[in-house]
Amino acid sequence: MRLILHCIKQHISTFLAGLLFLSVEAMADLLQPTFMSYIVDEGVKNADVRTVLYYGAIMLGIAALGALGAVMRNMFASRTSQAIGKELRGEMYHKVQTLSLENIDRLKPASIITRITNDVTQIQDFINGCMRIMIKAPITCIGAIALIVIETPRQIPMMAAVLIISAVFIFANMKCGYPRFERLQKRLDQLNNVSREFLNSVRVVKAFHAEEKEKEKFRIASEGLADAGVSAMRVMAVFAPLINFTVNFGIVVMLWISQNDSSTEIGKLMAAVNYMTQILFAIGMVSNILNTAARAMASSRRVNEILQETPAQLPPKEPLFPSIQGGVSFENVSFAYAGAGRASLEGITICINPGETIGIIGPTGSGKTTLVNLVPRFYDATEGTVRVDGYDVTQIDEKTLRRAVAVVPQKALLFSGTILENLRWGKADATVEEVRRAAKIACADSFVQETEKGYETHLSQGGVNLSGGQKQRLALARALVGNPRILILDDCTSALDADTEATVLNGLRRLSGQMTILLISQRISTVMKTDRILCMENGRIQGIGTHSELMHSCPSYQAIYDSQIGGMQNA
């Protein structure tokens, strides 16, 4: 709830303005039954048309004032709630960008999306409801009670009983509703996770004819969300009628108590019944808004988890800004992912010279990608030290480090926009000549020039209008545009044919000495001509050296060679 109060405090002027107009509207609603009683008791009873018209004109003016208050209240409520929603989403998006991959892995992307969208909407709706209904309800309720007490003081015991019983029901409603609404939001997380996983893997699903399996997963998640929604709504379905029954029963008691009143008091009785109806409406509004509050409180807690999240990787207190040349060293480095049963890397020690090209090979799960992810500080080593040019990477300014390191992942990630805009991610002010030079090295320039608009060709989200090999070549070109000092290639030529891969690797060899290259590959033919080869298995280094050296000294490397090339030669 502190988060919601903090958000309101940031917009206190518009919030109070909305409450002012809401108060005008509430007072107008409260005055109407009183003047109606005057019309009945003084005008209708005495057949005095002038009195009827006089009080009728006053009621009309009060109604116009109330309508103006309602219009202005709606305008300020909408403006305030929308501004708060925009700012909360902006703060969360900025916060997520500051978090490390370890934080994001733990929070889960699908849950983060739900919090930025649906959870913020719940808070936004609650604040809007507060300004439109929540404050009006107690004003109306207190005002109606006061007027009933003034006009018919005999109703005080009945009013007290109605209010106490209604308060008990409202408290029980909140107590039962909060955990159910929190569960509802978690079920929504699960549904979003299933949907996101399917959309990201739709090609694999179709390739394996696994649509029915995915439908079943979605059905289970959808039913879980529906069950949670029914459970939450059931609370409202139980308590709302009980509250209505309590107040209506109070109206019946009030009429029974007033049965012996003078006929001259019929106007006051009408007003009292009208005020009891307003109390019923106000209590109903309070009950509904408190249900919204229960959901908003659950959402605010989830939003606050993001905003209060401490990045796993904290920036150095006194960051270093070295001119990076490309030397990389691992000193007895070990690493384990959060919640993993075992370490992904153990006791890694290696020194890589600036301008050297290192091939990294090993079976799936051997820790190749994990190793290179420690260089740009996507993760921090749990033991040991990773250094760049002799500096501990945890002490180097993050922007300085990542400007010097370019990463080309196996799965090429492109963004909606033109090819030129995508390639300029590597260097925002790169000229067309610089972009084309990088694209030529990556063997991307030829197919780009064949498109109708060349580098101005528009790419759909994720580059779905390109082949896998084309996307990989553009991702490589994007990395080369920035002229990095350290280039990490994470099996980024896996979708290329042998001739294109050879051309790309030859282009990279011409850059030898200009940048340090860490080349991960599953194919031994890709790493054979690198300066040195690092062979890994089960998170450990099995051997390091040239191809010929490893063929004599590393059984793991020999096994890879025999499985890929040796068997073909023997055949």
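The questions and answers below look at two domains and one arginine in a predicted model.

In this model, local features need pLDDT of at least 70 and side-chain atom pairs count only at pLDDT 80 or more, while totals for chains, interfaces and linings use all residues. Residues are numbered from 1 along each chain as its sequence is written, and side-chain values use heavy atoms, with hydrogens and water left out.

User: How far apart do the C-alpha centres of domain 1 and domain 2 lie?
Analyst: The domain bounds, which come from an automatic or database domain assignment, place domain 1 at 2–308 and domain 2 at 328–570. Between the C-alpha centres of these two domains the distance is 55 Å.

User: What area is buried between domain 1 and domain 2?
Analyst: Buried area is the accessible area (1.4 Å probe) that two parts lose on being put together, summed over both. For domain 1 and domain 2, carbon and sulfur atoms give 52% of a buried area of about 410 Å².

User: How many salt bridges does the rule find across the interface of domain 1 and domain 2?
Analyst: The rule asks for a side-chain nitrogen of Lys or Arg within 4 Å of a carboxyl oxygen of Asp or Glu. Across the interface of domain 1 and domain 2, the number of salt bridges found by this rule is 0.

User: Is arginine 377 buried or exposed?
Analyst: Arginine 377 sits in the loop between helix 11 (368–373) and strand 4 (383–388), where helices (H or I, at least four residues) and strands (E, at least two) are DSSP runs numbered from the N terminus. Buried means under 20% relative accessible area, exposed over 50%, and partly exposed in between (1.4 Å probe, protein chains only). Because its relative accessible area is 7%, arginine 377 is buried.
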